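Work through the exercises below with the structure in view. Try each task before you read its solution.

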There are 2 protein chains.
Amino acid sequence: METANPAVLETSVADAVTTGAELMLLAARAAGAEVCFANPGTTEMPLVAALDTVPGIRAVLGLFEGVCTGAADGYGRMTGKPALTLLHLGPGFANGIANLHNARRARTPIVNIVGDHASWHVQYDAPLTSDIHSLARPVSGMVRTIESTGDIESDTLAAFQSALRAPGSISTLVFPVDYQQHHAPRRDGGLPSVQSRRSFQETRVEAVAQKLKAGKSVVFLLGGGALSERGQRAAGRIGASTGARFFSETFPARTERGGRLPDIDRLPYFPEKAIEQLGTGDVVVLVETITPVAYFGYEGLPSLLVDERRLMTLADVAECGDAALERLAELVGADTSEVGVPMSRYAIPECALDPALVGKVLSNALPDEAIVSVEGGTCGYPFVTASASAARHTILTNTGGAIGQGLPVALGAAIACPERRVFALQSDGSAQYTIQSLWTMARERLPVVMLITSNRRYGILQTELRRAGSAEFGPQARALTELDNPAFDWLALASGYGVPAVRASTTRELEAALATALVHTSGPFLIEMVLA
Amino acid sequence: METANPAVLETSVADAVTTGAELMLLAARAAGAEVCFANPGTTEMPLVAALDTVPGIRAVLGLFEGVCTGAADGYGRMTGKPALTLLHLGPGFANGIANLHNARRARTPIVNIVGDHASWHVQYDAPLTSDIHSLARPVSGMVRTIESTGDIESDTLAAFQSALRAPGSISTLVFPVDYQQHHAPRRDGGLPSVQSRRSFQETRVEAVAQKLKAGKSVVFLLGGGALSERGQRAAGRIGASTGARFFSETFPARTERGGRLPDIDRLPYFPEKAIEQLGTGDVVVLVETITPVAYFGYEGLPSLLVDERRLMTLADVAECGDAALERLAELVGADTSEVGVPMSRYAIPECALDPALVGKVLSNALPDEAIVSVEGGTCGYPFVTASASAARHTILTNTGGAIGQGLPVALGAAIACPERRVFALQSDGSAQYTIQSLWTMARERLPVVMLITSNRRYGILQTELRRAGSAEFGPQARALTELDNPAFDWLALASGYGVPAVRASTTRELEAALATALVHTSGPFLIEMVLA
C-alpha cells in the first residue's frame, strides 16, 4: 500500500486523470469502495495499474474467482458496503457465480467489475469471448456494459446505487479494456444517494400487536436487520411478555448471538421439523424475511412450510425490522428489562469429538466479538444451538446453498473487521471448493481460525440417499458420497498454502488447539477436527 | 464397479425399469456413454442410486465441478464420444462453466446432466433456485429441461445427437428430481444417428490446387481432424512438393506430433508474430479451422490476422480436412514418399532449468503414444517446438483461455486411454484453479505425470502489463501478478491429496524425476519444476 498522504494523492490524480480505469476507481472510491477482491487477466491490466495510482482501494488477490466473490460477500455482510471484485471476462466471472448466488440470497451489496475485450475486438469472437450478460443476469440486480468513456463515471455510480438500494444486491459492470486505457474526462456525477432500509409501516405493527393482545398463538421468523442486537433485544422482551416464540431464518446472512442476547435459534432445515416448530398456532409473523419454503421438495410434504393464510408481515426485507420490533414491544406494553441467556461455560468431558461437543468447545473458546462463518450441517447446527450462552459473536451462514462459501466469507469478514477474531466452522467436503482461500489468508496475514470437520464424507448426501429410500448404497453411490481413499491430509494442504495447522481428535486436543490458535495473531491457523 | 455380466444385467434392468433416472442412464449408455464425471447433490440422488443399477457407466467423483467438466473435455477429445457430467443445480453448473467454455472452443461433445428441484417445487424460489438456462446457453449447443417422464428417453437421445453432430458441441439437460424418482416407461427411441464430419467439397480442393500449381505463395492453417496423423502426413507431402508452409491453430484441441511426423508448429500467440508468420503471400488456406483472430485486441494492431481477401477454405470445421489434404496432395501430384522429422534426442547440459530445457528434457523422456496436456505459455510453447523430434504423442491445449483446464483434461484423457501415459505440462498459477484434480487422479489411480512450472508469478500478466506501457509495477500491480509471499509448497499440496511428488531445479534432477515418475504406474506423480 502507498504510504503517501491519500488526500494529496487523490487531488493530484483527479487533476491529471489519464485513463478510464483511474476514473472508475476514483468514482468507486467516492462511492465508498475500499477493497477490491481481484483475480485479473489481460483485459483488466489498466485497472491493475490504476490500483497503484488511485489511492485508497486495497487490492486482495484470490487464486480462484470464487474466493474473491465469497470474500466480497463476507466483507459486505460485515460492513454494509460493497467491495469491488475484479474478474476476467465471462469465464472468470463464471468461476465467481456460485458465491455470487449465495451473496444474492444474503442480499449483500457487491459491485463486480468484469474486464472485456476492446470494444472493437468483441465482434471477432476471439477464444475468450462469451455472453457475459447471460452469465451475469441470474445473480445480478444490474448488469451493464460500459459503452463509452463518457459513461464510466455515471455507470460506476449507478452500479453502487443499485447495489446499495435496500435490501442490497449485486451490480455487474462489463468494462471493455480500450475504455480502461483511454483518456476519460471526469464529470463528477455525484455520490450515489444511498437508500438505507425504509421505515417500517405502523399499520403492520398495529395489526400484529392486536393479535398478541388478543392472546393469539404467534411465531416470529426473523431475518436481515431484525437479527441485529436491537432486533433481538426487542424480540426477547416481546416473547417474555406475550409468550410468542421466535426463530431465525434457517440460513441468516448475519445474526448476532450470545453475550446475554435472547436465544433465537434457527428454524430447522428439514421440512418435517420446520413445520413442527412453526406449529399450528394462529399466526406466523415475518420480519425482514420471506415466506419460509422447504429447502428441497419432498414427495408428500408441502413446499410452503406455513399455510399462507397464517402469515403476517411486520416488516419486509427492505424495511427496518428491528425498529418495527421495538415499536411492537411498546404497543404490547412489554417489560423494558432486558431478557437474555446468561453467559456460561459448558463442562466438557474428556473424550472423542462429536458434533455436539465441537459446538460446546467452540462456544467456550469464543472471545468477545468473534465472527463465526458456518458452513456445513454436521457441526453447524449443534454449534449455533450451543452458542446462545457464549460471549457475544456474529454468525454468518451459507445463504444460498452453493457450497464453498464458508472460507471465503471468513476471509472477507477478516478484511472487514481486523479488530475481531474470525472463525470458520467448516465441513471438509465444502471446504474443497474454494480451498485456495487459505493462501490469501496467509498472504494477507488474516488471523482466521479454521475448524475443519473431517468426517470424510458428504454427510448430507448420505442422509438424502437414505431419505430417498436407499437403505444400502451400491459401490458407485458409496464412492460418490465418501471422501476417502485417499483421505485428505489437511495438515499437508494447509502447509502447502503457508498455514500452520494441527489435528484434534478429542475434546482436550481441540481445547488445546483453540488456545494455540488464539495466541497466534499473525495469520491463519487450521484445526482438523477428526470426528469418530 | 459391478462384476456381474453387463449384458444380463442390462436386460434385467430394462425389463424392470422403475425410475426416470435409470431410464436416462440406459438411454445414455445406448448412445455410447461409458463415463460420468460427477459432483452430485441432493437433487441428483436418484441418478446416483441408478449408477449402481444400470451397468456400464463408470462414475468418477470430482471435488469441484470444474474438474468434472474439464475431465469430460479431455475424455471427449481422446475418444470422440461424449462423457456425461452430473452437476448440482445452477450453482453446481456455474462452477463447471469455465471448462465448458474451453470444451465449446475445442468442439468437444459433452452431455451435462443438471439435477433440478422437483417440478412442482421450482415456483417457490427455494434458496438453490436459479435461472439454469441463462447460465447454460453461453456454452451449450442445446439446453433443455425435461418436462415429463415421457420425454426422458427422447430428450436424452436428442442431447447425444446434438452433441455428436459435427463438429461436436455441448448439450445440457436439466432433470427435475421428481422425474428422476418416478416410474418412467421405456419407449426405445432408437440410437441417435451420429453425423460424423461431412465429406470435403471437391471444388474447394481444386481451387486450392490451382493456386499451388500456379506457383502462388500459400500458407495453410490446420485445426480439428486436419491435425490427425493422416492430415499431417498429407500436409508434409504437399509442403515438400510445393513449398507451401503449414501451421497448427495456436490452441488446437488435439494434435498428433513427433514419431516422424512433419513439424507443424503452432501459429504464435502474439499478433505481431502471428501476422509475420502468416506473411504477405498470396493465400492463407483454412483446413478445419476458422479465420485466425488476435487473442486480445491491441491498439494499432488488427483483430484479423489475415486480410480476408487472402483466405480460402479447403475444409470447414464440420468437414473432413484430412481427406481434403490427401486429395489435394493427389491433385498437385505430390511425391508419395513420407516426409517427416527424424526422431532424435536432445543433448542436455547439466544446469539450472529454463523453459527451453524443460521442453527438451520432456521431449527426450516421452514414451511412445504419450498424451501431453499443455497449459501455460512459459513452458508450453518451447515444449511443442521441441517435441517435433520426440516419440509419437498427442498434444491437448487450452482452447478457450479459461485457465484451470490442463489438469482436468489430463485426468479425462487418462480415463479415456488407460493404456497410454499422460503428462500435464502445467503452469503454477493456472494449476490452482482446479487443484482438486489431484485427488481424483489419486483416487482413480491414474498414472498422470504432472510437471508444474513453478515460476511463482502470472508470467503472461506481467508481459501484458509491460505491453500496456507499465515499465515499473506499483506495489499493488506487483502483488496482483506475483504468486509469492507465501510461495506454494507443491510437495505439501500433492501430499495433501495423496500424490507423491518431487522437486527439480536442474536438468539432471528433472531427468531423474521423470525416470522415477515413469516407473510409478499405480497413480499420479507430481514434479515441481523450479525455474530460475
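**Exercise 1: The interface**

Task: Find how many residues each chain brings to the contact between chain B and chain A.

Solution. Chain B brings 96 residues and chain A brings 96 residues. Contact means heavy atoms within 4.5 Å. This is a predicted model: local features need pLDDT of at least 70, side-chain atom pairs count only at pLDDT 80 or more, and totals for chains, interfaces and linings use all residues. Residues are numbered from 1 along each chain as its sequence is written, chains are lettered from A and ligands numbered from 1 in the order in which they are written, and side-chain values use heavy atoms, with hydrogens and water left out.

Next, take the area. About 8,100 Å² is buried between chain B and chain A, and carbon and sulfur atoms give 61% of that. Buried area is the accessible area (1.4 Å probe) that two parts lose on being put together, summed over both. Pro127(B), Gln476(B) and Leu480(B) supply 9% of the area that chain B buries against chain A, more than any other three residues.

**Exercise 2: Charges and polar pairs**

Task: Count the salt bridges between chain B and chain A, then look at one of them.

Solution. The count is 4 salt bridges between the two chains. A salt bridge is a side-chain nitrogen of Lys or Arg within 4 Å of a carboxyl oxygen of Asp or Glu. One pair is Asp125(B) with Arg105(A), whose closest N and O atoms are 2.8 Å apart. By class, the side of chain B that touches chain A has 51 nonpolar, 29 polar and 16 charged residues. Here Ala, Val, Leu, Ile, Met, Phe, Trp, Tyr, Cys and Pro count as nonpolar, Asp, Glu, Lys and Arg as charged, and the others, Gly among them, as polar.

Now widen the view. Over all chains, the structure holds 55 salt bridges. Glu202(A) pairs with Arg327(A) in a salt bridge, the closest N and O atoms being 2.7 Å apart. Glu202(A) lies in helix α9 (residues 202–213) of chain A and Arg327(A) in helix α12 (residues 321–331) of chain A, so the pair ties together parts that are 125 residues apart in sequence. Helices (H or I, at least four residues) and strands (E, at least two) are DSSP runs, numbered from the N terminus.

**Exercise 3: Cis bonds**

Task: Locate Pro486(A) and Pro167(B), and describe the bond before each.

Solution. Pro486(A) lies in the loop between α19 (475–481) and α20 (490–496) of chain A. The peptide bond from Asn485(A) to Pro486(A) is cis, with omega near 0°. Pro167(B) lies in the loop between α7 (152–164) and β6 (170–176) of chain B. A cis peptide bond joins Ala166(B) to Pro167(B), with omega about 5°.
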